[in-house]
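Work through the exercises below with the sequence and the model at hand. Each task is followed by a solution in steps.

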Amino acid sequence: MTLSNMKKFWLSLILASPMLLQMVLMPFHWQLPAYNWIALITTTLIMLISALPYWKSAWAAFKHHNANMNTLVAVGTSVAYFYSLFAMATGREVYFESAALVTVFVLLGDALEERMHHRASNALGKLLNLQVKEAEVLRQGQYRKIPLEEVQVNDLIRVRPGEKVPVDGVVTSGTTSVNESMITGESMPVGKKTGDQVIGSTINTDGTITFRATKIGKDTALAQIVDLVKKAQTSHAPIQNLTDKISRIFVPAVLIAAILTFVIWNVFLGASAVSAMLFAVSVIVIACPCALGLATPTALMVGTGRSAKMGVLIKNGQALEEVNHVKTVIFDKTGTITAGKPVVTDVVGTNQTQVLAIAASLEESSEHPLATAIVSKVKAGKIAYPKAENFRNIEGKGVTALVNDQPAIVGSDRLLADYQISDKLKKKMTTLQEAAKTVVLVGLAGQIIGLIAIQDTPKPMAAQAIADLKARGLTTVMLTGDNQRVAQAIGQQVGIDQVIAGVLPNEKADHVKAFQQTGKVAFVGDGVNDAPALTVADVGIAMGSGTDIAIESGEIVLIQNDLLGVVRALDIAKKTFNRIKLNLFWAFIYNLIGIPISAGILVGIGLQLSPELAGLAMAFSSVSVVTSSLLLNKTKIAGEHQLSKQSVITN
């Protein structure tokens with residue numbers, strides 16, 4: 001059976017208790033009966049149970065002509081242990097307590113790190129445990145409860161009021177409200193009707209619905225969230241590479257320093273070989289760079305876990321580090337800054353019903369958001385429209401077809417070059433565009449007969465998010481394929497620094513590259529056409545409501561469809577990275593101060609560190625780094641108070 005580091009620590013501490021007691025009794029010149037034999041037996045057990053893994057790791061590194069953190073632990077404890085064996089055999093004073101207590105205190109640091117990993121895993125595991133164990137599935141004409149693992153894609157599942165949605169799917173019948181706060185952070189229940197998506201493990205509040213399963217097992221939204229956070233917590237930030245390089249140089253340097261310490265004390269200062277050895281062992285033990293090794297992974301683990309609670313999934317440590325150098329944040333418009341659900345606001349023309357009917361005839365089969373808005377308007381008004389024939393796409397302008405044997409066209413203002421339009425309609429078109437509305441021109445028999453104005457309004461918190469980013473000294477840019485007037489109006493509403501309109505999908509990545517000439521760039525988007533830009537950007541931030549390819553391309557995913565998530569993502573990433581740098585600073589300062597003291601530089605004023613005290617000090621340095629990382633959970637993050645009380649990842 002393999003013992004955890006925490007169990008090894010407690011077991012080793014119990015075994016070391018006689019030596020601790022002897023250290024307490026020493027000032028009174030008392031000694032435990034048969035102390036040397038007790039120390040030999042208990043220290044040997046500690047070496048076999050707890051120190052052996054450090055020795056094995058050090059030996060493996062040595063065989064590859066390398067050295068690691070465990071090299072210092074192995075050398076320090078083995079020197080103290082084997083010298084004590086020699087001393088006991090020759091009647092000299094033993095120092096088993098140095099080997100034993102150094103191992104105990106090193107284990108304390110490792111145990112704390114292991115506990116942090118365990119807590120992070122538990123927090124994520126609790127999410128998966130929220131899944132129901134059974135689902136009520138339609139089988140052979142009847143609804144039957146079956147184990148969750150037997151549910152298949154396309155199964156019809158019934159969920160009653162108060163029950164949890166078993167897996168992800170699309171509602172096929174019924175209406176209800178679903179509490180999705182555990183996934184999205186949205187405090188209010190979300191209404192669901194036929195065609196709406198439901199997320200596994202969310203709570204159905206007030207109606208019975210039937211839905212068709214679309215994602216099961218590891219493909220569900222919940223499972224993917226957990227997987228993303230796990231990957232982020234085990235990833236390495238580039239700064240970790242610097243730490244690893246320093247450790248490879250640092251360990252041999254410390255061993256050389258320990259040898260020099262022994263030589264100086266024994267040869268030049270006249271100290272006994274035993275005293276010189278203790279100084280050397282103290283140098284080795286206190287220099288063990290455990291705190292250095294904990295500095296990055298502990299902060300990364302806490303930071304990514306904290307961000308997940310706020311609906312921000314940081315996929316890897318590299319993204320977290322890159323965020324700190326971002327100078328420009330570029331946004332897609334539709335679905336990112338705006339709601340992405342445009343509606344018809346104005347219909348202009350002598351015969352408005354005819355204008356809408358012709359537009360609906362041509363747009364009925366299109367899935368474009370503007371086409372959807374027009375068709376929805378016509379259906380809501382119960383307007384009949386004829387069937388169009390002979391469809392033909394006019395690149396960059398619109399679509400044409402025959403309606404009642406007459407050529408009809410629907411498209412953008414680029415049609416003006418080919419079709420006649422009255423001055424009145426042209427003036428009205430300009431007015432609507434200046435009001436941040438997209439204008440669709442409707443033509444019949446070579447003449448523009450009307451206009452349909454469609455507007456996609458900014459998201460509620462877009463302006464505040466942009467203002468917060470600008471307050472942090474970041475330049476904000478909006479890229480859109482929409483026309484300049486509409487784009488400029490939206491940009492003014494939310495306070496964007498620079499608006500670039502008329503951008504084709506394949507040009508977005510080129511614009512990102514252009515801005516990268518002046519500094520690191522973060523790109524925020526949600527659509528398929530945003531994937532290249534998300535990939536090219538130094539930091540890709542994908543809206544969780546976006547397409548699968550956009551989410552896959554982004555390095556940071558915002559579960560909530562809320563632009564304040566961008567601010568939260570930047571803040572937690574910066575604070576996490578700054579905490580890593582703070583941890584590294586203190587780890588280096590600790591060694592810078594501790595090594596000379598352990599070498600005996602302050603013996604003249606009565607300050608000396610024995611190997612066991614050096615081990616305790618080293619353990620405290622690890623504790624301080626872990627504590628520093630845990631304080632990330634208490635740091636203030638912009639916009640966090642606006643999240644619901646039930647977070648995305650719960651402890």
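Buried means under 20% relative accessible area, exposed means over 50%, and partly exposed is in between. The model used here is predicted.

**Exercise 1.** Place S78 in the secondary structure, decide whether S78 is buried or exposed, and list its contacts.

Solution.
1. Locate the residue: S78 belongs to helix α3, which covers residues 69-89.
2. Apply the cut-off: the relative accessible area of S78 is 18%, so S78 is buried.
3. Look at the side chain: one of its polar atoms is 2.6 Å from the backbone oxygen of A74.
4. Set aside neighbours within four places in sequence: S78 then contacts W55 and Y83.

**Exercise 2.** Find the salt-bridge partner of E136 and work out which parts of the chain the pair ties together.

Solution.
1. Identify the partner: E136 is paired with R158 in a salt bridge, and their closest N and O atoms are 2.7 Å apart.
2. Assign the elements: E136 is in strand β1 (residues 134-139) and R158 is in strand β3 (residues 156-159), so the salt bridge ties together parts 22 residues apart in sequence.
3. Classify E136: with 9% relative accessibility, E136 is buried.
4. Classify R158: with 22% relative accessibility, R158 is partly exposed.

**Exercise 3.** Describe the salt bridge between D497 and K470, and say where each residue lies.

Solution.
1. Read the distance: the side chains of D497 and K470 form a salt bridge at 3.4 Å, N to O.
2. Assign the positions: D497 sits in the loop between α16 (484-494) and β19 (498-500), while K470 sits in helix α15 (residues 462-471), so this pair ties together parts 27 residues apart in sequence.
3. Classify both: D497 is partly exposed at 41% relative accessible area, and K470 is partly exposed at 35%.
4. Extend to shared partners: E136, R158 and R160 are joined into one network by salt bridges that share partners.

**Exercise 4.** How many salt bridges does a search of the whole structure find?

Solution.
1. The search finds 12 salt bridges.
2. Among them is the one between D196 and K193, at 3.7 Å from N to O.
3. D196 is partly exposed, at 21% relative accessible area.

**Exercise 5.** Judge how residues 644-651 should be read.

Solution.
1. Start with the chain: its average pLDDT is 81, and 83% of the residues score at least 70.
2. Turn to the stretch: residues 644-651 have pLDDT below 50, and the stretch makes 30 contacts in the model beyond near neighbours in sequence.
3. Where pLDDT is low, predicted coordinates should not be read in detail.

Note on methods
Residues numbered from 1 in each chain as written. Predicted model: local features only at pLDDT ≥ 70, side-chain atom pairs only at ≥ 80, totals over all residues. Heavy atoms only, no water. Salt bridge = Lys/Arg side-chain N within 4 Å of Asp/Glu carboxyl O. Helix = DSSP H or I, 4+ residues; strand = E, 2+ residues; numbered from the N terminus. Buried < 20%, exposed > 50% of the residue type's maximum accessible area, 1.4 Å probe, protein only. pLDDT = per-residue confidence, 0-100. Contact = heavy atoms within 4.5 Å. Polar contact = N/O pair within 3.5 Å; in protein donor to acceptor, adjacent residues only side chain to side chain.
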